[in-house]
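This report covers backbone geometry, helix packing, pockets and a cavity. Please read it alongside the coordinates.

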Amino acid sequence: MTLRLPSADGGTRTYEPRTEPLALTPGTPFTSRTVFAAAHVVADPRADVSPDEPAAVDWEATLAFRRHLWSHGLGVAEAMDTAQRGMGLDWPGAAELIRRSAAEARGVGGRIACGVGTDQITGGTLPEIRAAYEEQLALVEESGAQAVLMASRALAAAASGPEDYLDVYGHLLRQATEPVILHWLGPMFDPALEGYWGSSDLDAATETFLAVVSAHPGKVDGVKVSLLDARRETGLRRRLPAGVRCYTGDDFHYPELIAGDGHGFSHALLGVFDPLGPLAAEAVRVLDTGDTAGFRALLDPTVALARHLFRPPTRFYKTGVVLLAWLAGHQDHFTMVGGLQSARSLPHLAHAYELADGLGLFPDPKLAEERMRNLLSLYGVDR
């Protein structure tokens with residue numbers, strides 16, 4: 001059987017789906033790298049809600065996907081941008097997600113880190129922003145999860161310069177009970193974060209970011225960098241205080257950054273490891289044996305898919321991620337909170353299917369083919 005897939009030029013092309021998936025099974029815990037997959041949320045398609053109302057989450061399917069990631073040895077980065085934080089999932093929904101996922105992690109022995117932000121407010125003074133961060137930090141710590149201090153739209157709007165970032169983050173790090181992960185999310189993921197750390201000059205912003213880390217090294221487990229700039233991440237990584245990890249958030253250059261060089265390597269906290277979970281886990285286990293070439297042989301071919309999913313506007317990568325979860329059988333529909341399933345074109349989705357199928361990512365290729373055929377039919381492109 002073949003599929004007629006729509007092309008970006010308005011035409012169609014013939015594609016012959018793969019018949020056998022990669023044989024990937026759960027394995028031993030990782031020893032050389034700490035790896036988190038930032039996980040998506042599953043919407044409840046039966047809920048009668050509009051895109052601007054609070055999200056209706058299918059909790060069982062959402063938690064089942066996290067169990068899938070944990071079963072392969074991956075940590076779960078919860079309530080991050082992959083979970084549509086600030087793009088359909090509001091703070092009450094995120095708080096419930098954190099509580100439920102943290103309880104589930106305790107039950108299965110899974111590692112979890114949860115996003116701490118300020119999205120319960122849309123703006124405010126610096127004291128109000130600190131208070132919003134504190135509320136979320138307290139909830140994450142009470143849940144027993146590790147905290148990820150995320151970039152704040154409200155702080156980006158209110159800060160007058162680097163000193164405001166030093167003050168807010170210093171205040172939060174002093175009161176954190178356990179070491180946290182600091183998250184630098186670039187404006188390609190969220191345009192409202194332009195000029196974060198007090199400057200649109202990335203060299204100046206890097207100095208402020210490193211100053212925060214250097215002032216509180218005992219309270220920083222690591223930094224998560226999502227700038228899609230491998231050279232800049234490598235340079236920053238080499239300047240971190242001893243014992244502070246660099247978690248790559250670069251969904252374009254992750255194989256080389258995780259593999260590392262003679263001066264060090266990056267751990268990982270990646271949205272692209274949501275659809276790549278089992279394959280990424282297998283690659284890291286190969287790396288654990290010291291086989292860097294084998295690691296790259298497994299992971300390098302996935303970069304074309306990652307670059308496609310995260311192409312501009314990058315913030316809509318979640319649509320492709322959820323499409324692949326549906327095609328892989330992890331959920332029974334392609335519906336997203338906020339109606340974000342409409343954020344990418346049919347040709348974009350079709351090419352995501354083609355790339356993922358070529359990698360053998362679908363446990364049941366026939367199911368993926370049938371679901372892709374149904375999607376094409378829904379759009380009127382079925383012959």
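## Backbone outliers

In which loop is the place of P313? P313 sits in the loop between helix 11 (303-309) and helix 12. The model is predicted. The peptide bond from P312 to P313 is cis. Its omega is near -10°.

A second site is A79. Its phi is near 55°, a positive value in a residue other than glycine. A79 belongs to the loop between strand 4 (75-78) and helix 2 (91-108). For context, most residues other than glycine have a negative phi, and most peptide bonds are trans.

## Helix 9 against helix 10

Helix 9 covers residues 277-288, and helix 10 covers residues 292-299. They pack at an angle of about 170°. Their axes are 7 Å apart. An angle over 145 degrees counts as roughly antiparallel, so helix 9 is roughly antiparallel to helix 10. The crossing of the two is left-handed.

Helix 9 brings L279, A280, E282, A283, V284, V286 and L287 to the contact. Helix 10 meets them with T292, G294, F295, L298 and L299. By class, the residues of this contact of helix 9 with helix 10 are 9 nonpolar, 2 polar and 1 charged.

## Helix 3 against helix 5

Helix 3 (residues 126-143) packs on helix 5 (residues 162-175) at an angle of about 30°. The axes lie 11 Å apart. Angles under 35 degrees count as roughly parallel, and helix 3 and helix 5 are therefore roughly parallel to each other. Here the crossing is right-handed.

On the helix 3 side, the contact residues are L126, R130, Y133, E134 and L137. On the helix 5 side, they are D164, D167, V168, Y169, H171, L172 and Q175. The residues of the contact of helix 3 with helix 5 split into 6 nonpolar, 2 polar and 4 charged.

## Largest pocket

How much space lies in the largest pocket? The volume is about 430 Å³. Its lining has 24 residues. R85, G86, D119, R153 and D190 lie nearest the centre.

Two elements, helix 4 (153-158) and strand 7 (180-185), each supply at least two residues of this lining. By class, the lining has 10 nonpolar, 7 polar and 7 charged residues.

## Second largest pocket

The second largest pocket holds about 320 Å³ of space. It is lined by 22 residues. Nearest its centre are H68, P278, H330, L361 and P363. Helix 1 (59-71), helix 9 and helix 12 (317-327) are the elements that give two or more residues to the lining of this second largest pocket.

Helix 9 thus appears both here and in the packing with helix 10. The lining of the second largest pocket counts 16 nonpolar, 5 polar and 1 charged residues.

## Cavity

How many cavities of 30 Å³ or more does the structure hold? There is 1. About 40 Å³ of space lies in it.

Which residues line this largest cavity? They are A38, D81, T82, F189, K224, S226, G249, D251, G271 and Y317. By class, the lining has 3 nonpolar, 4 polar and 3 charged residues. Among the charged residues of this lining are D81, K224 and D251.

Note on methods
Residues are numbered from 1 along each chain as its sequence is written. This is a predicted model: local features need pLDDT of at least 70, side-chain atom pairs count only at pLDDT 80 or more; totals for chains, interfaces and linings use all residues. Side-chain values use heavy atoms; hydrogens and water are left out. On a 1 Å grid over the protein atoms alone, a cavity is a set of points where a 1.4 Å probe fits but cannot get out, and a pocket is an open set with protein on both sides within 12 Å along at least five of seven lines; lining residues have an atom within 4 Å of a point. Grid points are joined across faces, edges and corners, and a volume is the space filled by probe spheres set on the points. Axes are lines fitted to C-alpha atoms, for helices over the stretch in contact, and angles run from 0 to 180 degrees between N-to-C directions. Helices (H or I, at least four residues) and strands (E, at least two) are DSSP runs, numbered from the N terminus. Angles under 35 degrees count as roughly parallel, over 145 as roughly antiparallel, 65 to 115 as roughly perpendicular and the rest as oblique. A crossing is left-handed if the near helix is turned anticlockwise from the far one by less than a right angle, and right-handed if clockwise. Contact means heavy atoms within 4.5 Å.
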